[in-house]
Amino acid sequence: MTDTTATKPAVHSTFRIERFYNASPDRVFGAFSNPDSKRRWLIEGEGWEIFEYTPSFEIGGHERSRFAYQGGPEILNETIYQDIVPGERLVYCYRMAMAGAPMSASLTTIELVEKDGGTLLIQTEQGTYLDGHDDGTMREQGCRELLEALAKEVEG
């Protein structure tokens, strides 16, 4: 049997975000490496329902989270860490699906640079967006919002 489902071409996008935090690189890194801290700024939030959060912060570690926003479809995020340098750098790839359908696959690098008594975080993300779910614009906006939530975690 032939699959006759029409799909849209994959869309590729790269973005870079720089965000300064009034916190040390170790404190910012800790917000990624500490499961409770990471859950607060990355997963939780008003309107979000969390079904699963399984952290595994180590090279080769496989993190998994399932959640929904305001009763919408379930979203799955699966992350695998490729490189971790404490206080300096994270490299990870992640796959997202919505209601069981693949949405995207991304490679992300987070760099933490000590600057002016704080930390300059540089996020570079290369994404492949599938079947019309995004062109990278919504993902960049979502990442910017998450980095603002991170600010509340590390500066508050």
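In the predicted model, strand β7 (residues 118-129) is largely enclosed by the rest of the structure, because 9 of its 12 residues are buried. Strand β7 has pairing partners in β1 and in β6. With strand β1 (residues 11-21), β7 pairs in the antiparallel sense over 11 bridges, and within this pairing Ile17 stands opposite Gln123 of β7. Strand β6 (residues 101-115) is likewise antiparallel to β7, and 12 bridges join the two. Here Ser106 has Gly127 in β7 as its bridge partner. Strands β6 and β7 form a hairpin with 2 residues between the strands, in which Asp116 takes a positive phi near 50 degrees.

The surroundings of β7 can also be described from the side of β1. His12 belongs to strand β1 and is exposed, with a relative accessible area of 61%. Leaving out residues up to four places away in sequence, His12 touches Gly127 and Thr128. Gly127 is thus a residue of β7 that serves as the bridge partner of Ser106 and is also touched by His12. The C-alpha atoms of His12 and Ser106 are separated by 9.6 Å, although the two residues lie 94 residues apart along the chain.

A second set of paired strands involves β2, β3 and β4. Strands β2 (residues 48-54) and β3 are antiparallel and pair over 6 bridges, with Tyr69 in β3 as the bridge partner of Trp48. Strand β3 is in turn joined to β4 by 6 bridges, again in the antiparallel sense. In this second pairing, His62 is matched with Ile80 of β4.

Individual residues illustrate the environment of these strands. Ser65, located in β3, is buried, with a relative accessible area of 5%. Apart from residues up to four places away in sequence, Ser65 touches Ile43, Glu52, Tyr53, Ile75, Leu76 and Asn77. Phe51 lies in strand β2 and is partly exposed, at a relative accessible area of 37%. With residues up to four places away again left out, the contacts of Phe51 are Arg66, Phe67, Ala68 and Glu74. Of these, Arg66 is 15 residues from Phe51 in sequence, and the two C-alpha atoms are 5.3 Å apart in space.

Loop residues with positive phi values were also identified. Most residues other than glycine have a negative phi. Gln70, which lies in the loop between β3 and β4, has a phi near 50 degrees, a positive value in a residue other than glycine. This residue sits in the turn of the hairpin formed by β3 and β4, which has 5 residues between the strands. Gln70 is exposed, with a relative accessible area of 58%. Ala99 is not a glycine, yet has a positive phi of about 55 degrees. Ala99 is placed in the loop between β5 and β6 and counts as exposed at 60% relative accessibility.

The interior was examined next. Nonpolar side chains tend to be buried together in soluble globular proteins. In this model, the largest nonpolar core has 27 residues, and those with the most contacts inside it are Tyr21, Val28, Phe32, Leu121 and Leu150. At least two residues of this core come from each of β1, α1 (25-33), β4 (75-85), β5 (89-98), β6, β7 and α3 (137-155). The largest share, 5 residues, is supplied by α3. Tyr21 shows how such elements meet: its contacts, leaving aside neighbours within four places in sequence, include Val28, Leu121, Leu147 and Leu150. Gly118 and Thr119 are also among the contacts of Tyr21, as are Ala151, Val154 and Glu155.

Finally, the largest pocket has a volume of about 1100 Å³. Its lining consists of 37 residues, of which Leu42, Phe67, Met96, Gly142 and Leu146 lie nearest its centre. By residue type, the lining divides into 21 nonpolar, 7 polar and 9 charged residues. The elements α2 (35-43), β2, β3 (62-69), β4, β5, β6, β7 and α3 each supply at least two residues of this lining. Helix α3 gives the most, with 8 residues. Helix α3 therefore supplies the largest share of the largest nonpolar core and also gives the most to the lining of the largest pocket.

Definitions and conventions: Residues are numbered from 1 along each chain as its sequence is written. This is a predicted model: local features need pLDDT of at least 70, side-chain atom pairs count only at pLDDT 80 or more; totals for chains, interfaces and linings use all residues. Side-chain values use heavy atoms; hydrogens and water are left out. Buried means under 20% relative accessible area, exposed over 50%, partly exposed in between (1.4 Å probe, protein chains only). Helices (H or I, at least four residues) and strands (E, at least two) are DSSP runs, numbered from the N terminus. Two strands pair if DSSP finds at least two bridges between them. Contact means heavy atoms within 4.5 Å. A nonpolar core is a set of buried Ala, Val, Leu, Ile, Met, Phe, Trp, Tyr and Cys residues joined through side-chain atoms within 4.5 Å. On a 1 Å grid over the protein atoms alone, a cavity is a set of points where a 1.4 Å probe fits but cannot get out, and a pocket is an open set with protein on both sides within 12 Å along at least five of seven lines; lining residues have an atom within 4 Å of a point. Grid points are joined across faces, edges and corners, and a volume is the space filled by probe spheres set on the points. Ala, Val, Leu, Ile, Met, Phe, Trp, Tyr, Cys and Pro count as nonpolar, Asp, Glu, Lys and Arg as charged, and the others, Gly among them, as polar.
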